Amino acid sequence: MIPELGHFFLILALINAIVLGSLPFYGAHTQHSGLMRLASKASIGQFVLLLASYICLTLAFVQDDFSVAYVANHSNTLLPLRYKITAVWGSHEGSLLLWILILSGWMAAVAIFSKALTAVMRARVLATLGFLSIGFVSFALFTSNPFERVLPFIPIDGADLNPLLQDFGMIVHPPMLYMGFVGFAVVFAFAIAGLLQGDLDQKWAKWARPWTTVAWIFLTIGIALGSWWAYYELGWGGWWFWDPVENASFMPWIAGTALLHSLAATEKRGAYKSWTVLLAILTFSLSLLGTFLVRSGVLTSVHAFATDPERGLFILTFLGFAVGGALTLYAWQFDKLKSNNNYTLFSKEIAIVLNNILLFSSLLVVFLGTLYPLLADYLWEKKVSIGPPFFDPYFSFFFALILFLIPFGQQMNWKQDKLKPLLLKQFILLAVAVILTLALIALFADKILLWPVVAISLALWLILSCINYLVNQSSNAQSLFAGLKKISRSYWGMIVAHIGVAITVIGVIITSFYSIEKDIRIEPQQIVKVENLSIKFEKFDNFTFENYISSQATLKVSKNGRHLTTLKPEKRRYRVSGQLMTEAAIEPGFFGDLYISLAQPLDKGAWAIKVYYKPFVRWIWLGALIMALGGLLAVSDKRYRARRFKKVSPKKESIINES
Amino acid sequence: MKAHRKKKLITILTALVLLSSAVGLLLFAIGDYADAFYEPTKVVNGEAPLNKTVRVGGLVVDGSVNRSSDSLYVEFDITDNQESITITFDKSLPDLFREGQGIMAEGKLIDNKTLKATKVLAKHDEQYMPPEIADTLKKSHQDGVNKMKDQQSKEKGDY
């Protein structure tokens, strides 16, 4: 009964989406206020319907209703309750339902929090989102219905959830990622609404910007969580593999980052309107492309999703329709977008152009590297794969240039700036950063390598330049603290996010160049030396848990004769599926992780184990969190809070805008 | 054509030229980094280059796994049900590595019978098979069926 109810709500959601995706457009066109007002109600209705449908699927999982094929394939009576709830998005059908639910969540949020928008604009934004909802709800209903029953032969028990997904990381990673992925639909809808209106004023950018930032925050956290999860759960000790599915989430992130910057120029200076709109369309298109790549299974990936050509075709058609439509509209209205071109060669505007060119180039690297295997397969029927040997150097090249530009860009004034004093100051800071880097590396590392010196210097330079900027900003104030308080939240956001970038870069580069990775063979009671660590294989035990059996090794690690830690890496055999899982044992540290995982049993009770030392690996994710915090500071800026904003006098407003 | 339109057109054309040349250059460069996939049959026939990173996939031959007793060094054969080649590897194998399972090995060919692997990838879960391996097996299965038919008709001819 409950699954049918869920299915029914999904059908209602489709009908509601069709209403929402059409009538308000007509209402906006004919200035019919009733039809325009309908948009908000229908958007909230869409969220309620999909939430109801989603709850029905969750109930089916909780109640072990194995007559539902999706539940039977991805759950089991032995599965702990928390994983029954998260198993809902453990595979294609359910995660698609989550995708749609989140889209409707964004729609409801726009309906509730955009009272400041004109009625026409709001109707068009919501209708565009409703239109996207039509596509994805019908995708769910017609190709991937999660409520399908297996009748009359109901399985006695389910096939269990993939053990890789029975983990905390898996509980939080997909919803976060989807919030970001789907969140870019909002700025896409703003772009469409703006194009339909034909006139994009600075207000447009001001409305679109916080929505983009919030989506970007979620995507940043989502990607970081995915990387962290892969690191501790996959047992390879890696944190990024340039896997197509990772790239699929990374491409919208790069485009979204470029969009954040160009939106700043559009909001503050009315510059680059047409480029910003194009970038908004592009960012969401990349989200859709990512969905296609992941869901169609056209690429070889470690993310094992069932593949179905019909589904791929559906998304591809929808992608073509949405993106093609948006671009046609763009070409049609392109002429009406008038930008403010009043700036000189040394201005923040130009810095943002360079930022966008470089981000776009690195996007192109990831895009072509990801799609090249598809191209080679279609054109030459050759099966190839593109891996780190391509991505690492090419992506790093553009990213190093970006790093080089940030210290200048973030300090430049809009419209025009003097180059000489800026150059002089920055190069002094750069010199300090290089000396600091060399000293630190000589002090703490056993070898001096070129790329770490370059990258760490750039990162330290960026941090120094951020601090220097904060101090300068407050130099006229009575005290440093009073000065810092005067800096606007959005500026703090930028500085904090840039420091986050530097932290991530430091983490990436040190982990990549200074990690110790050893595969060793160890017998019970044997002591094996790895660098300056000695590892003793104490014992080996078996434990039985709810739904798996754990084989656990106890390893005592000591450094220079002193006991350091005891690590207990495991192998788990899941009882239902019989799958084997490696659980690494990690001794985390701010400056480095010791990571041991069991590889496989050898003869005479010996084991092959992997011993890794990963210096600064946590900085990668810490940096991402700091970037997200920067985003949070930026959206909490006063000027986005409508009520407060009205109280600010026009004169004050201009001061805030200049800051 | 109005002046501002002309300016816009020039902007668009410049952007397109720059974009397509960037794409062209990158595509040209990618070719050098593309690790091609070969079936064991192709490797044995000498179609795969030596001393270049390649990927070879197939099923692990039953009883072919040979482990060293004092290190992690391991040798095993993989097959596409027609020809088989030997893979050598000195790191730890993935969890799902088993005899009869589909795996993918990445590394350099020493000769047309041996691959020194730097990476061995096994199927990520029970249901999943990398498309390359699935294709290989499907194709060689079809070839095998055809061969059998050929043989049968030959045998019939003999009698």
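User: Which elements of chain A have the lowest and the highest mean pLDDT?
Analyst: Helix 21 (residues 650-658) of chain A is lowest at 40, and helix 19 (residues 617-635) of chain A is highest at 96. pLDDT is the predictor's confidence in each residue, from 0 to 100, and helices are DSSP runs of H or I, at least four residues, numbered from the N terminus. This is a predicted model, where local features need pLDDT of at least 70, side-chain atom pairs count only at 80 or more, and totals for chains, interfaces and linings use all residues. Residues are numbered from 1 along each chain as its sequence is written, and chains are lettered from A.

User: Where is the pLDDT below 50?
Analyst: Over residues 643-659 of chain A; beyond near neighbours in sequence, that stretch has 9 contacts in the model (a contact means C-beta atoms, placed from the backbone, within 7 Å). Where pLDDT is low, the predicted coordinates should not be read in detail.

User: And what's the mean for chain A?
Analyst: The mean pLDDT is 88, with 95% of residues at 70 or more.

User: Switching topic: how is chain A divided into domains?
Analyst: Domain 1 is 1-161, domain 2 is 163-342 and domain 3 is 516-617, with bounds from an automatic or database domain assignment. The C-alpha centres of domains 1 and 2 of chain A lie 20 Å apart.

User: How many residues does each put into the contact?
Analyst: Domain 1 of chain A gives 25 and domain 2 of chain A gives 28.

User: Which helix supplies the largest share on the domain 1 side?
Analyst: Helix 7 of chain A, with 10 residues.

How values were computed:
Helices (H or I, at least four residues) and strands (E, at least two) are DSSP runs, numbered from the N terminus. Two residues are in contact if their C-beta atoms, placed from the backbone, lie within 7 Å.
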